[in-house]
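I opened this notebook page to record what I looked up around the ligand, between the domains and between the chains. The entries follow in the order in which I made them.

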Amino acid sequence: MLPEFDLVMPRSLNEALQVLAAGSPEVLPIAGGTNLTVDMRSGRYEPKVVVDIEKLPELKGIRRENGQICVGGGVTIAELLKDGLVAETAPVLKSACALFANPLIRNRATVGGNLVDGSPAADTAPSLLALDAEIELTSQDGKRRLPLDEFFIHVRKTARQPNELVTALRWALPKPGTGSAFYKLGLRKADAISVVSVAVVLEAEKGVCRKARIALGSVAPRPVRAKNAEEFLTGKLLKKEVFEEAAALTAQAVSPISDVRASAEYRRRMSAVLTRRMLEQAAEQTGWKE
Amino acid sequence: MSYVGKSITRIDAEAKVKGEALYPGDFNLPNQAYMKILFANRPHAIVKRIDTARAKALPGVLAIFTAKDVPVNEYGLIMPDQPVLCGPGSSKPYADRVRFIGDQVALVIAENEEIAAQARDLIEVEYEDLPVLTDVHQAMESTENLLHPDRGSNVFCHYRIRKGDTEAAFSQADVIVEGEYHTPVQEHAYLQPEAGIGYIDEEGRVTIVVAGQWTHEDRKQIAHALNLPEEQVRVIYPAIGGAFGGREDMSIQIVLALATWRLSQQGINRPVKIIWSREESIIGHHKRHPYHIYARWGATKEGKVIAAEVKLIADGGAYAYTSTKVLGNATLMCTGPYEIPNVKVDSYAVYTNSIPNGAFRGFGGPQGAFAAEMQMNKLAERLGMDPVELRLRNVLREGSLLSVGTPLPKGVSIAQVVENCAKRAGWKQTSNGWEFDREKHPSLKLQKSNLRRGIGFACSFKNVGFSFGAPEQCQATIELRGKGEIEEAVLYHAGAEVGQGVHTVLIQMAAEALGVPIEKVRLIASDTATSGDSGSVSASRMTFMAGNAIRGAAKLALERWRNEERPAVGHYQYRPPRTTPYDPETGKSEPNFAYGYVAEAVELEVDIETGQIRLLNVICADDVGQAVNPQLVQGQIEGAVVQAAGYAILENFVQQNGEVLTRGLSTYLIPTVLDIPDRVESLILEYPDPIGPFGARGMGEMPYLPLVPAVASALHDATGVWFNEFPLTPERVLFGLTKSEE
Ligand SMILES: Cc1cc2nc3c(=O)[nH]c(=O)nc-3n(C[C@H](O)[C@H](O)[C@H](O)COP(=O)(O)OP(=O)(O)OC[C@H]3O[C@@H](n4cnc5c(N)ncnc54)[C@H](O)[C@@H]3O)c2cc1C
């Protein structure tokens, strides 16, 4: 049963930020509500006031902006999935959206809500980390931007202050010679929390890796990057043995737990297998053949 | 005018598609009160004290009932070993104990659901915890820690089969295959969680509108616990959102009736409503039994199985439910549809502090079939013989003796069913017998570095109707109205429509038997106030039993119609041939009066690096005798295959020390439309049953039975590894493959 609360429907971002500033932390924003209503029913969160930010125009829209892609914090997964710009410039995010929940949830769930929830299994997180995305947080005091990698802290803990809203995410347009891939291993093909998810973005020139990003979900208390593997790859010729080595390094970088879905050991092994596969797929897209 | 054999549209289709059909939770009556149940939420304890004072004082609370309010505090389909409410002041010894987390301790009735829930949480219960037993082997041995101290043992059922001389036969066998199998728990996961409304009807009857599988048995159990004559209790089923055996035992029936009745005794004449959450449903109703099965089979090099020794241990959980009957079935099915001259089976059902286990589609058949078919496929491998050929050398034929020393009823078609299925799947009959040429099936060869494909085969038989001497009957009443010609034919029948389509089939069979246009047949169903006892919708029995009852009633009604009686009423009770229980020493018995026969071939693909399985194609051949409504038959085949596919590769019910870790459908995963087999091909075969109505056999369960062993055999074909345990989750598969490499 949903506990009682007041619902505020602000007309503008400013109004929403005011309500948050006045009442936080007793006030929580609600976007799609696909996490928050579940958490309120279970008693995990008991906000006195809920601010509906779903319709705020300032949180909407996907556009090019100064050589970057800018996505509003209130953009839904369904919107990301069907957006041409996302498909063209960030296919790794599109792939994650395609494996996200089910069509009904995708219509409501927002990218901001996904990240703020702070789940290690948040499905947009690995791709956005691999894209080196920046997150924009806005409060009455102004805006700040930080790399998404600095946003995640622990399970259900992020760098967001209670008076802040996620207003946008930004990442750079891909350079020529970029390849990427995402895979979510769940216990079933839809509507399953990931057991392990892996996103890879590679930039290469004539088969030599210039930059690598490897990010994983559900294998640590927060979505994580395998920085040791990324460093290892940089400057290397993209080939099978290198991928295997990078995959092995990735398995060392993760710290999974055992739960009802899978054992830590399985998650660790899958981190390596899937990383290797994603590297192979991404490398193929960089346009270079071994 | 022929209605049997036609795929007419289900009579409930339109209302269900439009959302107009009313399920138990949809009923609301003026002035209704709400009920919440306080569950034990601990696996084993004595309830020392229940203090309801604070809860009662909450404004809006109408009443709280505990064990002392239950006149006869016991129930159970087979044996009354479960308290209606656990706690002190019971009318029965040891009813002050809770034995699993879903045991019910108190009922709260209040103005609304919120208050009822609040009051429930204010009830103070003092427990004295008892040791928790969850391992069947430990439970079998324990003499100190007894779940039911009045019974002297945790083993509450044991069957023996002794046919021939297995020891002598093993010494003559050319190959012997031993296997140790473990089958998992499965949750029914029906769409509609338990719900209902209770009221006192215009004739003063305690009435409940609920979902169940047998109106008259529900009524009997309620009347027993409330110590009322059965006529004073009325049970009505509206639309039911799935059952699969999960509604055979009581969930809310007795407590809802109890609350309604006790309230009215206090002068509060208000309807009482309850809806379980998914979590309450998952901890509150029984599951499919997990089994440990130890099998040792021997065969000659000519491919004749000559000996089978099997030991089965079923975890019954906290109470008996239908365990003894489920075990009876598994005991018969564990040697497969084969004529084996020497058989020794010992089977046990054991109490533990896990959630009780009971009826679930297949009713012990799937567990027995898993062991039997794994043994057959392993024997085929060891003998270097084709698995279809090996089966055909051993299947039961007309007159063959079962393990229990008697022949099957006439109409044995397993050989034809196996041949039909094998042919469709690509097997060929050659001069060397049946063969499958892998080279001619390029789809199986696809081998990306990490993908392997395989094909597997299995077959089974499934009884139709109650077994082993259980009283079996079904009633139908037909009333013909009109003057010169029949204007309306009203069929009164209690059979439960749980989604399988039986009400449509009842009408089809009535129209056929009466020779009237189907539009003239009206069904008044599932109300103890209007129909005689039909028995349950279980054991694949309703089409078979009701069809025979309807034919009898139609014949009588037509006779009376011809004799100018208006209305002309025919009432008929069908009783099938008698069955007999297991002989306690040898198991000799006539277990069943009818069977259906089934075979399946499965093609799958496995990712050997992640352990993920994809089911590519399932061919399911079923002898249904006569498909009364072929489309509904196909629906049952596809539904059963999909449900069994979940059981095979996905569904994983996790219990730890009596606690349930998968308390919702986000952790207990059932297949989505993307997870089901890419293709399911239904081969409907019609070899008539000599005593089935219009030749029909029952078929709701049998497509479920061979799927898991067929999947396991396909996985072996793909990887060379036998998996003796399931569900075949990616992790189990991967570690199984890795282990076999080491
Ligand atoms: C059936 C089901 C399936 C699911 N499957 C998946 C899945 O496959 N993958 C996956 O990753 N997740 C899944 N989820 C979880 C959930 O849908 C996602 O995390 C979703 O993206 C949350 O977005 P929302 O807009 O619904 O967030 P809400 O529920 O509205 O909010 C979530 C949290 O974020 C805060 N918040 C929301 N927006 C902002 C903002 N702009 N600024 C600051 N704070 C904000 C809220 O206060 C709240 O604390 C599933 C959920 C359900 C119910």
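Entry 1, the ligand shell. I asked which element supplies the largest share of the shell around the ligand, and I found H7(A), with 4 residues. I note that the model is a predicted one. I then looked up the whole surroundings: 31 residues surround the ligand, and Gly32(A), Ala101(A), Gly112(A), Gly113(A) and Asn114(A) are the closest of them. Besides helix H7 (111-116), the elements of chain A that give two or more residues to this shell are strand S2 (27-30), helix H2 (36-41), helix H6 (103-108) and strand S10 (165-172).

Entry 2, shell composition and domains. By class, I recorded 17 nonpolar, 10 polar and 4 charged residues in the shell around the ligand. I also checked the domains of chain A: domain 1 (6-51) and domain 2 (59-172) each provide at least three residues of the shell.

Entry 3, the domains of chain B. I noted a division into domain 1 (31-130) and domain 2 (287-466 + 584-741). The C-alpha centres of these two domains of chain B are 41 Å apart. Their contact involves 12 residues of domain 1 and 16 residues of domain 2. On the domain 1 side of this contact in chain B, I listed 6 nonpolar, 4 polar and 2 charged residues.

Entry 4, the two chains. How many residues of chain A are in contact with chain B? I found 14, which meet 17 residues of chain B. Helix H12 (residues 264-285) of chain A gives the most to the chain A side, with 3 residues. That side of chain A has 10 nonpolar, 1 polar and 3 charged residues.

Methods. Residues numbered from 1 in each chain as written. Chains lettered and ligands numbered in written order. Predicted model: local features only at pLDDT ≥ 70, side-chain atom pairs only at ≥ 80, totals over all residues. Near = placed C-beta within 6 Å. Nonpolar A, V, L, I, M, F, W, Y, C, P; charged D, E, K, R; others polar. Domains from an automatic or database assignment. Contact = placed C-beta atoms within 7 Å.
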